[in-house]
Every structure is written in C-alpha cells, then in structure tokens.
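Have a look at the sequence and the model below. We'll start at the ligand, move out to the whole chain, and finish with one residue in a loop.

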Amino acid sequence: MADVVLSIRDLQKIYSGGVHAVKGVTFDVHEGESVAIIGSSGSGKSTVLRCINRLIEPTDGVIELRGEQINTPVADVNQVRSRIGMVFQSFELFSHLKVLDNITLGLRHVRRMSKSKAEEVALEVLERVDMLERVEAYPGNLSGGQKQRVAIARALAMKPEVILFDEPTSALDPELIGSVLKTIRGLADEGMTMVIVTHEINFARDVADRIVYLDHGKVAEEGPSSIINEPKTERLQKFLSSINEESV
Ligand code: ADP
Ligand code: MG
C-alpha cells in the first residue's frame, strides 16, 4: 500500500451557532490516490475540506499530513496551505491581476521566488491546464471553465502534496464542465493526490480510486468506485437515485 499522505481521524466540527456539521469523520488518502467525497447539500463536505486546509479549526479530531499533526496551534498555517492546495467552486481569483500574476503571487510571496523564476513556473502550469494563450488576460474576460483552469494552475504552481477540490464544476455552465473535468482527470492520471467533492457522480466513479459518502456529518459508506454501481447501504442507494432523478 502506498504511503498515507492525509489522515483524518474522528473529525468533529460544531460551528459557533451550534450546528454540528461534522460528527466524527475518519478517512485516509494515500499517495497518488483520488478520493471523491459525495453527499447531499449540507452533509458536511465543505466543512471537512475547510478543516483540512485550516480555513476553519475543527472542534475535535486529528488531521495529519504525512504523519505530522497539522491542526495544532504550533503548526504554521501558511506552511500547511502551501503543502495542501485548494480549488473552490467560485474560483477565488484576484480580478485586478492578470492570469500570469494570479499565479506568480503565491510563488513570489510564499515561496520567495524571483520574478523570472515565478513566471517560468507559471507558464509551465498554465500550459498543463491549456491556458497558455491567456496569460495576459484578466479573470473578468475569461469563461468560468477558463477561470477554474487558472485556479487549478495556481494550486499546481505551489507543488502541493495534495489538492482539495470543492465542487470545482458546480458554478459552471453545462458546456464548460467538460474541460475542467478533463483537466482534473489528467492530474489524476499523472498521479496527483487529490480529494474531490463533487456532484458529478459519473466523474467520481470513473476517476476516483475511492469514494467517501457523507450523510449528516458522518461517513455513511466508503469503498472503491464500484460502490456507485453497487451501493451497500440504503442511504447511499437513495442518494444515488435522487441524483439520477435530477439528471433526467
Ligand atoms: P456541504 O458542503 O456538504 O453542502 P457544509 O459543510 O457546507 O455542507 O455544511 C454543513 C452544515 O454546516 C450545514 O448545515 C451548514 O448550514 C452548516 N454550516 C456551514 N458553514 C457554516 C458556518 N460558517 N456557520 C454555521 N454553520 C455552517
Ligand atoms: Mg459544500
């Protein structure tokens, strides 16, 4: 078995308003593995990713990156975020910066690269997401699919050990979803370690090595991608049939 990159154990999150969003979630992500997290809206998927990337602090539980606990007051948040990339539904690009500068920003300030070295890395990652032609464009002049590919390039530029995707195609028009899924599939094929929250069930089945199904803040079923075709629990069966009804 490949090395464990991320280990999440007994993760709990109670928001300050009292919502118990995550109720003891445990799973591992191995080197080179793609794990898809699926589940209804409100089941706690984003909360889990945001805890891993330390955008929010879990109420309880342990998150380890290569065996080292990262949810402690002494773990450096910037260090954690440079090792764990994140791609959001809403892209989160800087609208006042050109594509190239959106990517060089983190390289220069966090990685302390020279301008020329940062630009070299930026061009390399933009080529990987097929966005080399738009380096001088501003995000406002790109389609949603192009913006998301730039956001993926920005994550890749930091050479993260794992990338977390939170519904990367949910904000896109249907005709733009394919290009983004193709880019993510390419990364999976290259062996990038990834956690993908997605409603694209066929994509999850085809690309993910493992599926984690969250229901009301708990892992209700977990297994190889074959559980999409042969769910073991009634809850996952119901969830999958509700999704199928939506898409017909
Ligand atoms: P998902 O991504 O699966 O749709 P979330 O992790 O966003 O689910 O949300 C899980 C639960 O936590 C929901 O009930 C949601 O309303 C609640 N929640 C999410 N973010 C916050 C927040 N910042 N403050 C309070 N409650 C929140
Ligand atoms: Mg969410």
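Helices here are DSSP runs of H or I with at least four residues, and they are numbered from the N terminus. Keep in mind that this is a predicted model.

**Around the ligand**

Which helix gives the most to the shell around ligand 1? That's H1, spanning residues 45-52, and it supplies three residues. The full set of residues surrounding ligand 1 is Tyr15, Val19, Ala21, Ser40, Ser41, Gly42, Ser43, Gly44, Lys45, Ser46 and Thr47. Sort that shell by class and you get seven polar residues, three nonpolar ones and one charged one.

Some of these residues put a polar atom close to an oxygen atom of the ligand. Here are three such pairs:

| Residue | Atom on the protein side | Distance to an oxygen atom of ligand 1 |
|---|---|---|
| Gly44 | polar backbone atom | 3.1 Å |
| Ser46 | polar side-chain atom | 2.9 Å |
| Thr47 | N or O atom in the side chain | 2.5 Å |

How much of ligand 1 does the protein cover? On its own, ligand 1 has 560 Å² of accessible area, and the protein covers 62% of that.

**The whole chain**

Now zoom out. The protein chain has eight helices and 10 strands. Its C-alpha atoms fill a box of roughly 55 × 50 × 40 Å along the principal axes. Why does the chain fit the picture of a compact globule? A compact globule with 248 residues would have a radius of gyration near 18 Å, and the protein chain has 18 Å, so the two agree.

Of the 248 residues, 51% are buried. The accessible surface of the chain adds up to about 11,800 Å², with 47% of it belonging to carbon and sulfur atoms. What about contacts along the chain? Taking those with a separation of 6 or more, 64% are between residues 24 or more positions apart.

**One residue in a loop**

Let's end with Leu55, which sits in the loop between H1 and strand S4 (60-65). Is Leu55 buried, partly exposed or exposed? Its relative accessibility is 37%. Buried means under 20% and exposed means over 50%, with partly exposed in between, so Leu55 counts as partly exposed.

Setting aside neighbours within four places in sequence, Leu55 is in contact with Arg50, Arg81, Met86 and Phe88. You can also look from Leu55 to Lys13: they are 42 residues apart along the chain, and their C-alpha atoms are separated by 12 Å.

Definitions and conventions. Residues are numbered from 1 along each chain as its sequence is written. Chains are lettered from A and ligands numbered from 1 in the order in which they are written. This is a predicted model: local features need pLDDT of at least 70, side-chain atom pairs count only at pLDDT 80 or more; totals for chains, interfaces and linings use all residues. Side-chain values use heavy atoms; hydrogens and water are left out. A residue is near a molecule or strand if one of its heavy atoms lies within 4 Å of it. A polar contact is a pair of N or O atoms within 3.5 Å; within protein, one must be able to donate a hydrogen and the other to accept it, and residues adjacent in sequence count only if both atoms are side-chain atoms. Accessible areas come from the Shrake-Rupley method with a 1.4 Å probe; for residues, only the protein chains shown count as cover. Helices (H or I, at least four residues) and strands (E, at least two) are DSSP runs, numbered from the N terminus. Ala, Val, Leu, Ile, Met, Phe, Trp, Tyr, Cys and Pro count as nonpolar, Asp, Glu, Lys and Arg as charged, and the others, Gly among them, as polar. The radius of gyration is taken over C-alpha atoms; the globule rule is 2.2 Å times the number of residues to the power 0.38. Buried means under 20% relative accessible area, exposed over 50%, partly exposed in between (1.4 Å probe, protein chains only). Contact means heavy atoms within 4.5 Å.
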